[in-house]
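Trainee: Could you help me learn to read a protein model, one feature at a time?

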Amino acid sequence: MTDPVALHYEERGSGLPVVLLHGYPLDHTLWRAQMAALGDAYRVIAPDLRGHGASPAPEGEYRMDLLAADVAALLDRLGVERAVWVGHSMGGYVALAALRTMPERVAGLVLCASHPFADPPDKAASRRASAAQALREGTAPLVSGMLPLLFRPGTNLETISAHLIRSMMLRTPPQGVAGVLSGMAARPDAVDALRPLDPPKAILAGRDDQIVRLADLQALVAELPHVALHVIDGAGHLPMIEQPEATTAALRAFLAAL
Ligand code: MLT
């Protein structure tokens, strides 16, 4: 595996370390409201994953294990052995990679608008095609197709929040986009990583998520009842932006029970 890169990050507060991982193709500022709120009682660490925000974006495929190793290297730098890993969407795939490859570093896991399933072959193929497109044409064509899917149906995309998300996505360099798209296409199914009772695990789902279907998560937790499913009303794929207080409250309840 390639060497970890030094991630850009922001940190707030002290106490139990909580790592907030953003999804694709976003950056750590996605979690600004939760950082500010949870920083009163926890040591909140929010990195930009490789290829995103102000972190390095080397060429090549970014496997989820590699992104998790980058985060672990950041935690080493900060003197943190174990943390609660909270991952939004692709950030959830990274948290699951940490749970698979270094479970001793995971004190708790929250998947936010995320899931443990591998890509079906057609999805993996379309990601690889999009990775090639990003390298050829840049990030913008992918952003315009994805933006409406991030918010719940019917959302006005001319609001400040939607503009902030659009600009965040447009700042992601093409090699970062291509790196994670091919890495996500290669990720394994991680359902087995959720089977042990420890560490505690939860899923936060936007009721109207157009990317991660609530019905799939409900079927998953029916099979794995120790994984708590918390549904956030009035949210799509971005509960931390669409319903910041409800998202913070759900995270706080999970953390308080650890
Ligand atoms: C994300 O928000 O990180 C992506 O939608 C994840 C994915 O494409 O599977």
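Trainee: Which backbone atom lies 2.8 Å from a polar atom of the side chain of serine 55?

Mentor: Here the partner is the backbone nitrogen of histidine 8. A polar contact is a pair of N or O atoms within 3.5 Å; within protein, one must be able to donate a hydrogen and the other to accept it, and residues adjacent in sequence count only if both atoms are side-chain atoms. Keep in mind that this is a predicted model, where local features need pLDDT of at least 70, side-chain atom pairs count only at pLDDT 80 or more, and totals for chains, interfaces and linings use all residues. Residues are numbered from 1 along each chain as its sequence is written, and side-chain values use heavy atoms, leaving out hydrogens and water.

Trainee: Where is serine 55 found, and is serine 55 buried or exposed?

Mentor: Helices (H or I, at least four residues) and strands (E, at least two) are DSSP runs, numbered from the N terminus. Serine 55 sits in the loop between β3 (43-47) and α2 (64-77). Buried means under 20% relative accessible area, exposed over 50%, and partly exposed in between (1.4 Å probe, protein chains only). Serine 55 counts as buried because its relative accessibility is 8%. Contact means heavy atoms within 4.5 Å; setting aside neighbours within four places in sequence, serine 55 is in contact with Leu7, His8, Asp48, Leu49 and Arg50.

Trainee: What about α2: how many of its 14 residues are buried?

Mentor: In α2, 10 of the 14 residues are buried, among them Met64, Leu66, Leu67 and Asp70. These buried residues pack against β1 (9-12), β2 (17-21), β3, β4 (83-88), α3 and α7. Just after α2, glycine 79 has a positive phi of about 75 degrees.

Trainee: How much space lies in the largest pocket?

Mentor: On a 1 Å grid over the protein atoms alone, a pocket is an open set of points where a 1.4 Å probe fits, with protein on both sides within 12 Å along at least five of seven lines; lining residues have an atom within 4 Å of a point. Grid points are joined across faces, edges and corners, and a volume is the space filled by probe spheres set on the points. The largest pocket holds about 660 Å³. Of its 30 lining residues, the closest to the centre are Tyr93, Lys123, Arg127, Met146 and Ile211.

Trainee: Which helix gives the most to that lining?

Mentor: That is α5, with five residues.
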